Structures are given as structure tokens and as C-alpha cells.
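Here is a walk through one structure, taken a piece at a time. Keep the sequence and the 3D view open as you read.

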Amino acid sequence: MKRTETMLLNLGPSHPSTHGVLRVLLELDGELILRADPDIGYLHRGIEKMCEYRTYHRCMPLMNRLDYLAGEVNLFGFCLAMEKLLGIEVPKRAQYIRVMLAELTRIASHLFWLGTHGHDLGAMTPLFYAFREREKIMDLCEMVSGARMFPLYFRIGGLAADLPEAFIPAAWEFVKSFPEKHQDYHSLLTKNEIWIERTKDVGVMTADEALDWGWSGPMARGSGINWDLRRDNPYSSYEEFDFVVPLGKNGDTYDRYLVRMEEMLQANRIVRQALEKLADTPPGDIKAKDSRVSLPPKDAVYNDIAGLINHFKLIQEGITPPVGEVYQCIEAPKGEMGFYIVSDGSPQPFRLKIRGPSFINLSAMDKLARGRLLADSIALIGTMDIVLADVDR
Amino acid sequence: MGIEEHLGYNVLTTTLEKLVDWGRKSSLWPATFGLACCAIEMICTAANRWDIARFGMEAFRASPRQADVIIIAGTVCKKMMPPIERIYEQMTEPKWVIAMGACACSGGIFDSYAVVQGIDNYLPVDVYVPGCPPRPEGLLYGILKLHEKILQDPFLTKRYKEGLALRQEAV
Amino acid sequence: MSQAAELLQEKFPEEVVEVTEFRGETTIVVKPGRIVDICKALRDDNRTSYRYLSMIAGLDYLPQSPRFGVAYNLYSHKNKNRVTLKTLLTDDASPAIDSVVPVWSTANWHEREAYDMMGIRFRGHPDLRRILMPNDWVGHPQRKDYPLRGK
């Protein structure tokens, strides 16, 4: 007499391959997954509620710590949302520098993804190759601000300070050497039989399903949706840059791998163009001279009562935007990262809602995992490129 | 001096305590316990630039039974506290705890409803490594301080006595 | 006036409360009663084609009444534009609204988060339970009367 039962297996929250504290409750029939239920919230820090008690400037360190692999990109989105709310125009030089740092951070995030995704599926070598380049990007971030992962370099209205002198030659060196190193990663994985065996036809999502499930970024492009927020709804002078948006065909893990690999090269191309464009902009013009966000020059503070009051109000209260609400989204490395800011005219945000791309990408886990084997669940978590701080906020 | 002179300079003598403690500190296997952003710097410490294998610690064990030190790297949320306690209890003696990063030391910048304000409310921490996140060099400095701590307490007798006293007090 | 506002004025004239334009974005405030039909119309109509739901945000306007609101942000890949749909819920003590999961599957987790954080119930949701807080947590943390450091 045979009696069969399904097994409930806990994947995580402490697991070497779950990219953080993710718990997936798997209902298994042998090795076959019948149901996958992600249980998140193990890194929920209450960032949205904390922001309601802080002035807009003090929210910025929290924003950096959202998607911690691409720290500056989150802050980019927040600063753009605030600039939209205030109606401020950022100088060109600041825009180019922002684009450059955002794309460098995108390359860093994808390199980390490459290393850990490969490591999860058994390929340990790409991790060390990818980290070699990632350390160079971390050095560049450290050059502008002193911190490796969370530079906190962007400000509402521009940047904190101009680039240091050593940055431009170091950035050029990186940009020129990267394509060759990128070829190394391709040679390790792209035609590797084991890699193809583990990623082809795993986690297939058609374009319609991807739209329905709210996928964005490389996940959507891997399924063939021709959508990139930098090209379609450009922000911060992205319309002046020339880049290709890579697309996948089948919507499986292998296609998403190819899309992200190509995105790294395209991001490198954008950084090169930004470096060239920077040479034509006046140095030092890195913050909007709007009195609502920038401190007035010192002689105005000492000699003019309006300058003094402006200085006092900005230091004491911070930025006070008008009453209104905005939704600003950017193309983060993981997908569409959105900031919905509701302002009631006070120096603190009334409601700050963060649309985390990893949260939405992960929601389709059940759909992807049903019918696949247990080992594929690791490939799926890796291909979704989730960062738990982005999922849980 | 003494017997080494007679045997020639290719024999070392030491005390048993020093040998055991040297063995313990030279291959502290960490349990994989990266929670948040500090985990990334921990991985960077284990990667090629700040090779933690120099200190014998590149073998991050997933099973707590095989691990010696748990590096709490990242924000500890209230939802995550029960798994952390279970993993710490499952680790076999001798075991040490390094609190890496501001969030593990004291809650960090996250003073909210969902975050434990410092892992030392629940676990006995040996070394605190501040920073947000601490640089890999910072973590390595913390690890070296832990090595010093291990060497200072031969056979960890003082530590066991303190632990025993605490357990008796709790009872 | 944007396409979305035109469509809603045409098909659901008594549901539209207010249309505002701010910084190039349209926000349409509607009544919560027929939200599923409104969303279906915005998704299926060829002129608007809002096939992508970006986010659902729960809002708490304490001490005003109505206290709770829900904001939906929709994106159209065809026209490359966005619209924010906002609605204020009638019941302050136990806020509830119909779930839009039948329209966009991605609403599943967005609505679970709004329920967990704000306590807004979504009628017809296939699996409404807490998502970010532990299962036995009492209270809804993002409400304005919930203290930051917890109870």
C-alpha cells in the first residue's frame, strides 16, 4: 500500500543562496515544486514610516540603503522626485555626473548579480572576476565621497561637491579596460554547457504575463518587452545619450542573463559619453542656484536680510516643497524604482511610498516555480536579482 | 635555551594552551549570516581584494554546527530574531559573536518599530565593529581583535566560568 | 485634458470627483465604488491602454475624514504616459475597497502590503494576509496613530 504526502520545505531565511533573508516555503512532491510561497519581511526596517518623521535631507541616507547594491541610484530617484515636486532645473554638469555615477553603479550591481548568480549555480570563478571590476567602481565611488557603497553624493538640486581631480583619469581608465574584462565573463559562462543546461527554459515568462505581473527592467526585457525608462521617459538628460536596449526572446533565465550582460556594456558606453560631455561643461556648476534648495552665497548671508533669513530657514527647517504629490520613477538596475511623495507643505514628507522593483519581481515566484525542480528555485531567485532591502524596505 | 638548543633549531616547544588557542584562532569558520548591506562588505572581505582566507576564514559554513563564529552583518529585525536565536543555540562551543555594522551594534539609523536596537540585547557579543557599513579593513581589524581575545584566555577557561555563572544566575 | 480623464468622464461621469494636473502628471480622484470597472476600462480601452500597474499606495489622512485613501499609478507602454488614480474610502473604522487583482495580477502583493501597513481590506483578494510584519503582529504600523518606535 502506497501513501504519498507532499513535503513542506523551508528555504531560508538563513540560506547561503537566498541573497539575503528570504524565506520561501516550498511544497514539494519529491523534487518537484508544487507551490512556492515567498515569506518576506525579515528585513523590514520601516523606512517609509521613518521618513515621515524626518526632513527631506535626513531621508537621504535611508534612501541610499534601499537597494544596497546600487546605493546611489535610489538616491537619484529620490532627488529627481523632489526636484519634480519643487519644479527645479538641475545644471547640465550635475546631470551628466549623475548619469555617470548611476551607470557606474548599474555596472557594479550587475557585476555582483553575475558573481552571486554564478556562485549559486556552481560557477565559482565568475565571482572573483566580477569582484575585481566591482572594486574599481567602489574606488571611484569612494573618490567622490569617501564611502564605498553609499556615497550619498547627490543632493536635491544637484550634487554635494564637484568631482575630485583624480576621478576623471581613473574613470577613463575603467571605461577603456572594461570591455575586455567583460569578454572574460562571456568566455566563462555564455557557451558553458552546464550553465546553459541550468538556465535555458527555466522560469519562462511571456511578454503579456510579464506585463500583467508588473515586471520591469531586465526581467521585462528578457521576455521581449521593449521598454526602458531611460529611453522612453527620459530624465536627467538621458535623451542626449546614445545606447542600445538589449532584448531577450524566450523570457527564460538564460535570456535574462544575456540581457544583463549586454546592459553592462551599454552602461559602460553611457559612462564614456558622459565623460566626453563633461569636458564641455563649466566646472563648479553643480547645484541649482534656487533659494529653496541651495544656501545663498556668504556675502548675501552677512550683508542682506533676505539672504540671512533664507540661510536660517534652510538650515533650521530644511526644504519645504509646495502641497502636492508626485510619482517619479527611474530605471534602476533591478527595474522600475518609483518614489511617490505626498507633500503637505511641511518640511517632512506626509507620505513617502517607495515602489521597489525587487518586491514586484519576487511576487511572481510562485508562478515561475510551479512544476520545476527544487534546484531551479535557486536559479529563479538568482535571475530575479532580488535585494531584500528593496523587497522589504 | 633548554631542550631546543640540544635538538637544534627545528623543533618548537610551547604550552598546550597556546597551541590549542592558536589552532582555534587560526581557523575560525564563520556561519553565513549576512542580513543586509554589511553582508556585501563581508562578501567583499572574503573576495579577492581583502582575502579573508589569509586568516583561515574563507570557509563560510552554512550549517551552524560546523561554524565557530557568527558575524551578525546587517540590520536585525524583530521578525528575524527567532531564527537568529535558533542558529546561535545550534552552534557548538566554543563560539563567538561579532556584531558588524551600526545596525547590529545598536540598531543603527533604524530606530523604528521593526528593528531590534542592537543584537547584544539577545546574544553575548565579543567584538563590535562600527560603521555603516564598516570597510572590509574594519571587519578584518575586528577579526584580529577577536584573535587577540581568544589568545588572552587560555583554553577559554575564564569565558566558560563566566558563562557558567550567568547560567546559574538565570536558574 | 489627458486621455484617461476624457475616457472616465465619458464612461463613468458620476464616479469622477476631481482631475488635477501637477508638474505634468495627471491625478484623477474617483469614488471607490466601481474601482474594478474603472480600472478595466483604463486597461482595455485602445486609447489609454494602461496595461501596467506600477504601484498601489495606502494613504492615511488622519485627522481628516475620510481618513484612508488608495492611490494607483498606471503606465501605458503604448502611449508612454502615466496616470495616478486616487480614491478616498468611505468607512474610517474599517476601510475596505474591491481588489483589482482580476485586472492586474501584480496587484496581489501591493494590496497585501497596503493591508499589512494600513489595515485597508481588499474585498475579493485571493490571499489577504500580512506580508512584511510577522503573522502575529498587532496593529498596522504605517497608520498615523501608530508610534514610530512601536508599542
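Start with chain B and its contacts. Count those between residues at least 6 apart in sequence: 76% of them join residues at least 24 apart. Bear in mind that this is a predicted model.

What is chain B built from? It has seven helices and four strands. Read from the N terminus, the order of elements is α-α-β-α-β-α-β-α-β-α-α. Along the principal axes, the C-alpha atoms of chain B fill a box of roughly 70 × 45 × 25 Å. The chain has 171 residues, and 47% of them are buried.

Now look at two peptide bonds in chain B. The bond between B:Glu93 and B:Pro94 is cis, with omega at about -10 degrees. B:Pro94 sits in a loop, with helix H4 (81–90) on one side and strand S3 (96–100) on the other. The second case is the bond between B:Cys132 and B:Pro133, which is also cis, with omega at about -10 degrees. B:Pro133 belongs to the loop that links strand S4 (127–129) to helix H6 (136–152) of chain B.

Next, see where chain B meets chain C. Together the two chains bury about 700 Å². Of that area, 61% is on carbon and sulfur atoms. Which residues supply 52% of the area that chain C buries against chain B? They are C:Trp137, C:Leu148 and C:Arg149, and no other three residues supply more. In residue counts, chain C brings eleven to the contact and chain B brings six. One general idea helps here. An interface is often sized by the accessible area that is lost when the parts come together.

Turn to the empty space. A probe the size of a water molecule, rolled over the atoms, shows where space is left. The largest pocket holds about 940 Å³. Its lining is made of 39 residues. Nearest the centre of the pocket are A:Pro16, A:His119, B:Thr32, B:Ile43 and B:Phe60. Three elements each give two or more residues to this lining: H4 and helix H5 (125–145) of chain A, and helix H3 (37–46) of chain B. By type, the lining has 25 nonpolar, nine polar and five charged residues.

Helix H4 of chain A deserves a second look. It covers residues 92–120, and A:Thr116 lies in it. Is A:Thr116 buried or exposed? Its relative accessibility is 13%, so it counts as buried, since the cut-off for buried is under 20%. A polar atom of the A:Thr116 side chain lies 2.8 Å from the backbone oxygen of A:Phe112. Set aside the neighbours within four places in sequence, and A:Thr116 is in contact with A:His19 and A:Leu127.

Last, check two backbone angles. A:Asp201 is not a glycine, yet its phi is positive, at about 65 degrees. A:Asp201 is in the loop between helix H7 (193–199) and helix H8 (207–212) of chain A. With 47% relative accessibility, A:Asp201 counts as partly exposed. C:Lys80, a residue other than glycine, has a positive phi near 55 degrees. Where is C:Lys80 found? Look in the loop between strand S4 (68–76) and strand S5 (81–88) of chain C. C:Lys80 has 36% relative accessibility, so it counts as partly exposed.

Technical notes. Residues are numbered from 1 along each chain as its sequence is written. Chains are lettered from A and ligands numbered from 1 in the order in which they are written. This is a predicted model: local features need pLDDT of at least 70, side-chain atom pairs count only at pLDDT 80 or more; totals for chains, interfaces and linings use all residues. Side-chain values use heavy atoms; hydrogens and water are left out. Buried means under 20% relative accessible area, exposed over 50%, partly exposed in between (1.4 Å probe, protein chains only). A polar contact is a pair of N or O atoms within 3.5 Å; within protein, one must be able to donate a hydrogen and the other to accept it, and residues adjacent in sequence count only if both atoms are side-chain atoms. Contact means heavy atoms within 4.5 Å. On a 1 Å grid over the protein atoms alone, a cavity is a set of points where a 1.4 Å probe fits but cannot get out, and a pocket is an open set with protein on both sides within 12 Å along at least five of seven lines; lining residues have an atom within 4 Å of a point. Grid points are joined across faces, edges and corners, and a volume is the space filled by probe spheres set on the points. Ala, Val, Leu, Ile, Met, Phe, Trp, Tyr, Cys and Pro count as nonpolar, Asp, Glu, Lys and Arg as charged, and the others, Gly among them, as polar. Buried area is the accessible area (1.4 Å probe) that two parts lose on being put together, summed over both.
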